[in-house]
Amino acid sequence: MANDPKPDADKATSGGDKNKYAERSNERDDIGALEAEQRRESDQAFAGPGAPASTDAQAKGLLFGSLVGGAIGLVVLLPLAFIPIGGLSLVGRLLICAIAGALAGGTAGVMYLGGRMPELEGETVDADGRPSVGSSSRNPRSDSRGR
């Protein structure tokens, strides 16, 4: 039962063996193709006030991670507002717990999805199609999905 294949989940969470911006799987020897790949990647780069330049997948991870993580953090921490603390009213406790939970959850979501989205979209493979050094896919103890 534990070894049952889950092809839909594997397809959804696999970065594939091809670089996201590469036209072919092996462009190591073709300088023009590598330059074109860099141009495609920089065309989709994102930068904003207070945010460093990041790839397309990192920007998606920032957006979805902050929204989803913030919502989860808010829901998880909000019940703590019903515990009496000092002389604060219920509204004050609700406000403090909601803000703290949303900020903590949003930060955790950004940290996770900001690093995971590039792996899921195939941005962490080298020009020859192998996983980059330091990525979970390169670890010999992990399976094809980086687990």
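Helices here are DSSP runs of H or I covering at least four residues, numbered from the N terminus. With that in hand, the predicted model can be read off element by element. The tally comes to 4 helices and 2 strands, and from the N terminus on the order is α-α-β-β-α-α.

A few whole-chain numbers set the scene. The protein has 147 residues, and 26% of them count as buried. It exposes about 9700 Å², with carbon and sulfur atoms supplying 63% of that area. As for how the chain meets itself, take the contacts with a separation of 6 or more: residues 24 or more positions apart account for 54% of them.

Helix α4 spans residues 90-120, which makes 31 residues. From its first C-alpha to its last it reaches 42 Å, close to the 45 Å expected at 1.5 Å a residue. The helix does have a kink, though: about 25°, centred on leucine 113. Just after α4 comes glycine 122, which takes a positive phi of about 80°.

Helix α3 runs over residues 56-77 and holds leucine 63; isoleucine 72 is found in α3 too. Both residues contribute to a nonpolar surface patch of about 580 Å², made by Leu63, Phe64, Leu67, Val68, Ile72 and Val76. The spacing of those numbers brings helix geometry to mind. An α-helix has 3.6 residues a turn, so residues three or four places apart point the same way.

The two patch members carry separate labels for exposure. Leucine 63 counts as partly exposed because its relative accessibility is 46%, whereas isoleucine 72, at 51%, counts as exposed, the cut-off for that label being over 50%. Isoleucine 72 also pairs up in space with a residue well along the chain: glycine 105 is 33 residues away in sequence, yet the C-alpha to C-alpha distance is 6.2 Å.

Threonine 55 sits in the loop between β2 (51-54) and α3. Is this loop residue buried or exposed? Its relative accessibility is 16%, so threonine 55 counts as buried, since that label applies under 20%. Leaving aside residues up to four places away in sequence, threonine 55 touches Glu41, Gln44 and Glu123.

Notes: Residues are numbered from 1 along each chain as its sequence is written. This is a predicted model: local features need pLDDT of at least 70, side-chain atom pairs count only at pLDDT 80 or more; totals for chains, interfaces and linings use all residues. Side-chain values use heavy atoms; hydrogens and water are left out. Patches are made of residues with over 30% relative accessible area and no salt bridge: like charges are joined within 9 Å, nonpolar side chains (Val, Leu, Ile, Met, Phe, Trp, Tyr) within 5 Å. Accessible areas come from the Shrake-Rupley method with a 1.4 Å probe; for residues, only the protein chains shown count as cover. A salt bridge is a side-chain nitrogen of Lys or Arg within 4 Å of a carboxyl oxygen of Asp or Glu. Buried means under 20% relative accessible area, exposed over 50%, partly exposed in between (1.4 Å probe, protein chains only). Contact means heavy atoms within 4.5 Å. The expected span of a helix is 1.5 Å times one less than its number of residues. The bend at a residue is the angle between axes fitted to the seven residues ending there and the seven starting there.
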